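I opened a fresh page for this one and jotted down things as I looked them up. Here are my notes, in the order I made them.

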Amino acid sequence: MSSSSTFHNLEINVISAENLHLDGKPVKKDTFVVVRIDPVNYKSTRADHEGGRNPNWNEKLEMDMSMHDHFISLEVQCKIGSGNRVIGIARVPVSDFMDGYSPLNYLHFLSYRLRDSRNVRNGIINVSVKVKSMAGSVNPSMKRNLQPAVKGYNTASSSSGKQQIWGVPARDKNCYDGGVVTGIPVWGASRA
């Protein structure tokens, strides 16, 4: 992660899949799931050797996801000979488990239709997702603008036990009004 990004720590439990086929025939064994957040951030489950077309993994994977990511990809694959073959892929919108209304550690149970390389339906995958924590770091160039948000709060816990709150002072008509901006807006090109 870059030093200026905010990220979320996720616990993704890859539970099971249903009705998997490969070349029109039911899958026999050796299926696993690759969870991809981006091309270099991915993890894999162990292979299910006995589940056939209805494999069970029930495997928890912890991953960090940038606040800029919009999808998580779930790729069900099968070991064939000396290589692996993709059976189906599901793209999970981040908004399905980070809707802004759910508290941290809220467990979302989700099921998605898998699609093969020809975009034909090929089974269902069942997962659960929990946002365990949100963390962030501040770009070093912004640190010089940070100030204690409330007067009387020290850079460490003071003898009175007050806790420090940091942020960029909020201004209204060039007058400091005591508020603080704790987030940094991100602008992007609009989609037509």
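Which side chain meets that of Lys130 in a salt bridge? I looked it up, keeping in mind that this is a predicted model. The partner is Glu11, with an N to O distance of 3.8 Å. The two sit in distant parts of the chain: Lys130 belongs to strand β10 and Glu11 to strand β1 (residues 6-18), 119 residues apart. I also checked how covered Glu11 is. Its relative accessible area is 12%, and since buried means under 20%, Glu11 counts as buried.

**Entry: more salt bridges**

I ran the search over the whole structure and got seven salt bridges. My reminder to myself is that side chains of opposite charge can pair when their charged atoms come close.

Next I picked Glu62 and Lys132, whose side chains meet in a salt bridge at 2.9 Å, N to O. This pair also links distant parts of the chain, with Glu62 in strand β6, Lys132 in strand β10, and their positions 70 residues apart. Are these two buried, partly exposed or exposed? Glu62 is partly exposed at a relative accessible area of 37%, and Lys132 is partly exposed at 28%. Then I noticed that salt bridges with shared partners join Glu11, Glu62, Lys130 and Lys132 into one network.

Another pair I noted is Arg46 and Glu59, at 3.9 Å, N to O. Arg46 lies in the loop between β5 (41-44) and β6 (56-66), while Glu59 is in strand β6, so the salt bridge ties together parts that are 13 residues apart in sequence. Arg46 is partly exposed, at 43% relative accessibility.

**Entry: the nonpolar core**

Which residues have the most contacts inside the largest nonpolar core? I found Val35, Ile72, Phe97 and Ile125, in a core of 30 residues. Two or more residues of this core come from each of β1, β4 (31-38), β6, β7, β8, β9 (107-115) and β10.

I followed Ile125 a bit further. Setting aside its neighbours within four places in sequence, its contacts include Val14, Ala17, Val33, Leu74, Val76 and Leu110. Ser16 and Ser111 are also among the residues Ile125 touches.

**Entry: a cavity**

How many cavities of 30 Å³ or more turn up in the whole structure? I got one. The largest cavity has a volume of about 30 Å³. Its lining is made of Ile12, Ile72, Leu74, Val92, Phe97, Val127 and Val129. By class that is seven nonpolar residues, with no polar and no charged ones. Both β7 (71-80) and β10 (121-136) supply at least two residues of this lining. I spotted two names from the core entry here: Ile72 and Phe97 line the cavity, and they are also among the residues with the most contacts inside the core.

**Entry: the second largest pocket**

I then turned to the second largest pocket, which holds about 220 Å³ of space. Its lining has 13 residues, and the ones nearest its centre are His21, Asp23, Asp116, Arg118 and Asn122. The elements giving two or more residues to this lining are β2 (21-22), β8 (83-93) and β10. Which element gives the largest share? That is β8, with three residues. By class I wrote down four nonpolar, four polar and five charged residues for the pocket, against a cavity lining with no polar and no charged residues.

Conventions: Residues are numbered from 1 along each chain as its sequence is written. This is a predicted model: local features need pLDDT of at least 70, side-chain atom pairs count only at pLDDT 80 or more; totals for chains, interfaces and linings use all residues. Side-chain values use heavy atoms; hydrogens and water are left out. On a 1 Å grid over the protein atoms alone, a cavity is a set of points where a 1.4 Å probe fits but cannot get out, and a pocket is an open set with protein on both sides within 12 Å along at least five of seven lines; lining residues have an atom within 4 Å of a point. Grid points are joined across faces, edges and corners, and a volume is the space filled by probe spheres set on the points. Helices (H or I, at least four residues) and strands (E, at least two) are DSSP runs, numbered from the N terminus. Ala, Val, Leu, Ile, Met, Phe, Trp, Tyr, Cys and Pro count as nonpolar, Asp, Glu, Lys and Arg as charged, and the others, Gly among them, as polar. A salt bridge is a side-chain nitrogen of Lys or Arg within 4 Å of a carboxyl oxygen of Asp or Glu. Buried means under 20% relative accessible area, exposed over 50%, partly exposed in between (1.4 Å probe, protein chains only). A nonpolar core is a set of buried Ala, Val, Leu, Ile, Met, Phe, Trp, Tyr and Cys residues joined through side-chain atoms within 4.5 Å. Contact means heavy atoms within 4.5 Å.
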